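User: I'm new to this one and would like to go through it piece by piece. Could you take my questions as they come?

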Amino acid sequence: MTPEVVIGLEVHAQLLTQSKMFCGCTTAFGAAPNTQTCPVCLGLPGVLPVINRKAVEFAIRTGLALHCTIAPQNRFARKNYFYPDLPKGYQISQYELPICEHGWLDIGQNGTTKRVRIRRAHLEEDAGKNLHEGIAGASHVDLNRAGTPLLEIVTEPDLSSPEEAIVYLKSLRDILVYLEVCDGNMEEGSLRCEPNLSLRPAGSKELGTKVELKNINSFRFAKAAMEYEIKRQEKILSEGGKILQETRLWNPDKGETAPMRSKEEAHDYRYFPDPDLVPLRISTEMVEAVRKNLPELPAVRYKRFVEAYGLPEHDAKVLTAEKDLADFFEATVKAQAETTGLSSKDIGKETSNWVMVELMGLLHRGKASSQSVVQAIPIAESPVSPAALAALLSLKRKGEISGSMAKSVLEEIFQTGKSAEEIVKAKGLAQVSDEGALEKIIDEVMAKNSAQLGQYRSGKAEVFGFFVGQVMKASGGMANPAKVNELLKRKLRA
Ligand SMILES: [Zn+2]
């Protein structure tokens with residue numbers, strides 16, 4: 001019998017505060033090693049940490065979005081362990097009184113919704129980084145990252161497959177980015193996930209022995225590591241073996257996990273309240289102030305996109321998955337609605353097509369960097385602004401340019417930054433809508449094709465398409481198709 005998979009996730013989100021968790025040092029990424037440190041984050045004796053108010057606010061914001069209870073009184077604790085990137089010999093974290101508890105997140109997959117319970121989310125500081133590069137055989141310690149604020153978000157073991165775990169991770173990342181508390185970048189380490197995974201006989205209530213997985217820095221690796229671990233555990237159990245409770249490291253090159261250390265228990269860390277920090281009191285006023293300013297979250301925005309813009313669910317999902325993309329789409333619709341007086345529903349689907357297919361296509365082709373690696377351009381840096389795209393779509397809607405012309409104009413806006421009107425004017429691209437000019441072309445086409453004209457007039461209606469094609473061809477593709485249809489109907493019948 002296939003065993004049941006039980007997965008819980010711990011996610012460390014690096015908070016987007018300007019300064020560190022307990023000192024004023026900057027959290028900016030990429031500076032020379034050990035240039036962003038002070039006695040507090042270096043862990044020198046005698047210094048006093050001070051709690052970063054912004055980090056507390058970000059934790060509350062996240063807790064509310066995840067339907068957690070915000071503890072009116074919570075406390076920081078010392079988690080004691082030794083490692084070269086932790087000069088104090090302890091990490092300041094939260095233990096028995098975390099700031100957020102008992103929340104949930106609904107995740108959607110294949111049309112069904114599942115509720116994943118959030119056990120807790122607590123604030124802590126990050127450690128430094130050990131560097132094993134440069135001089136051969138030597139290792140270095142960079143403490144720029146030491147003291148950076150983290151929010152650790154822990155689920156109950158509610159997930160039952162790697163796919164489901166990835167859906168949860170992506171939903172959580174979207175929420176953190178929407179909340180503007182974390183940039184969600186797994187590759188740069190601002191979002192780290194540690195799945196814990198166990199197997200049990202199907203239908204059993206008891207949990208099996210769990211293994212924790214570390215060193216995962218992309219969704220792809222997360223899925224691969226969990227899949228590998230399921231197979232490994234299945235094999236051991238089917239051979240009558242026992243799973244050891246341990247922490248295993250994912251090796252992306254080998255595509256397998258390897259033991260790192262046997263699992264430590266909480267008591268191994270000798271947690272105790274940090275005597276340098278007073279208990280943190282959070283007033284109802286503070287919580288309510290944060291709640292009032294919560295932004296619209298992806299799930300709510302998704303529903304609104306379907307209703308307000310008449311979008312298919314697929315479009316709404318793609319557009320709202322990324323906040324910047326959703327903002328871009330809305331700004332483009334708004335700019336058109338303002339100039340044309342049309343409703344959001346009239347404009348929604350067409351705009352969605354142009355943003356998702358045409359513009360995203362150009363952005364994905366991106367720009368070649370110096371190593372000639374193609375990098376997609378993020379939507380926030382799109383060379384085509386929402387106003388510019390709106391102006392282009394308005395020209396198309398008015399019939400001044402055709403759909404295929406609009407595509408080439410978009411590409412030129414993308415390359416040159418010129419406006420749609422400028423490009424259309426300079427290239428003489430405007431569609432021929434002038435009746436006099438079109439009638440002249442139609443007369444010529446009719447004169448040249450008298451046989452087909454005879455067929456049409458004797459009742460062969462399908463010849464109409466032939467005439468449309470001939471007129472479009474004779475105009476070099478510049479004729480306004482709607483106008484051509486209208487005029488042809490009139491003239492062919494006469
Ligand atoms: Zn510092």
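User: Leaving aside neighbours within four places in sequence, which residues is Thr62 in contact with?
Analyst: This is a predicted model, and in it Thr62, setting aside its neighbours within four places in sequence, is in contact with Leu151, Ile153, Leu176, Leu179 and Val181. Thr62 itself is found in helix H1.

User: And is Thr62 buried or exposed?
Analyst: Thr62 has 1% relative accessibility and counts as buried.

User: What comes after H1, say around His67?
Analyst: His67 sits in the loop between H1 and S2, where at 36% relative accessibility it counts as partly exposed. Its phi is near 60°, a positive value in a residue other than glycine.

User: What about the phi of His102?
Analyst: His102 also has a positive phi, of about 55°, although it is not a glycine. His102 lies in strand S6 and is exposed, with a relative accessible area of 55%.

User: Switching to helices: which residues of H4 are buried?
Analyst: Helix H4 covers residues 284-292, and Met286, Val287 and Val290 are buried in it. Seen down the axis of H4, these buried residues fall within an arc of 100°, so they line one face of the helix. On the other side of H4, the residues Thr284, Glu285 and Lys292 are exposed.

User: Why would residues a few places apart point the same way?
Analyst: An α-helix has 3.6 residues a turn, so residues three or four places apart point the same way.

User: What do the buried residues of H4 pack against?
Analyst: They pack against helix H1 (53-65) and strand S2 (69-70), so to speak of H1 again, this is the helix in which Thr62 is found.User: Which residues are buried in H11?
Analyst: In helix H11 (residues 420-427), the buried residues are Ala420, Ile423 and Val424. Seen down the axis of H11, they fall within an arc of 95°, so they line one face of the helix. The face turned away from that buried side carries the exposed residues Glu421, Lys425 and Ala426, while the buried residues pack against helix H9 (386-397) and helix H10 (403-416).

User: Where is Glu439, and what is it in contact with?
Analyst: Glu439 has its place in helix H12 (residues 435-448) and is partly exposed, with a relative accessible area of 26%. Leaving aside its neighbours within four places in sequence, Glu439 is in contact with Leu487, Arg490 and Lys491. Glu439 and Leu487 are 48 residues apart in sequence, yet their C-alpha atoms are 7.3 Å apart in space.

User: Now for empty space: what volume does the second largest pocket have?
Analyst: The second largest pocket has a volume of about 1,400 Å³. It is lined by 44 residues, of which Ser171, Asp174, Pro298, Ala299 and Lys317 are the closest to its centre.

User: Which element gives the most to that pocket's lining?
Analyst: Helix H2 gives the most to the lining of the second largest pocket, with nine residues. Among the elements that each supply at least two residues are H1, strand S6 (100-109), strand S7 (112-125) and helix H5 (298-309). By class, the lining of this pocket has 22 nonpolar, 10 polar and 12 charged residues.

User: How many cavities of 30 Å³ or more does the structure hold?
Analyst: The structure holds one cavity of 30 Å³ or more, and about 60 Å³ of space lies in the largest cavity. Residues lining the largest cavity include Cys41, Asp85, Pro87, Glu125 and Gly147, and by class its lining has five nonpolar, one polar and four charged residues.

User: Last topic: how many disulfides are there?
Analyst: The count comes to zero disulfides. Cys193 is in no disulfide, and the nearest cysteine sulfur, that of Cys182, is 13 Å away. Cys193 is buried, with a relative accessible area of 2%, and Cys38 is buried with a relative accessible area of 18%.

Conventions
Residues numbered from 1 in each chain as written. Predicted model: local features only at pLDDT ≥ 70, side-chain atom pairs only at ≥ 80, totals over all residues. Heavy atoms only, no water. Buried < 20%, exposed > 50% of the residue type's maximum accessible area, 1.4 Å probe, protein only. Helix = DSSP H or I, 4+ residues; strand = E, 2+ residues; numbered from the N terminus. Arc of directions from axis to C-beta. 1 Å grid on protein atoms, 1.4 Å probe; cavity = no way out; pocket = protein on both sides within 12 Å on 5 of 7 lines; lining within 4 Å. Points joined across faces, edges and corners; volume = space filled by probe spheres on them. Nonpolar A, V, L, I, M, F, W, Y, C, P; charged D, E, K, R; others polar. Disulfide = S-S within 2.5 Å. Contact = heavy atoms within 4.5 Å.
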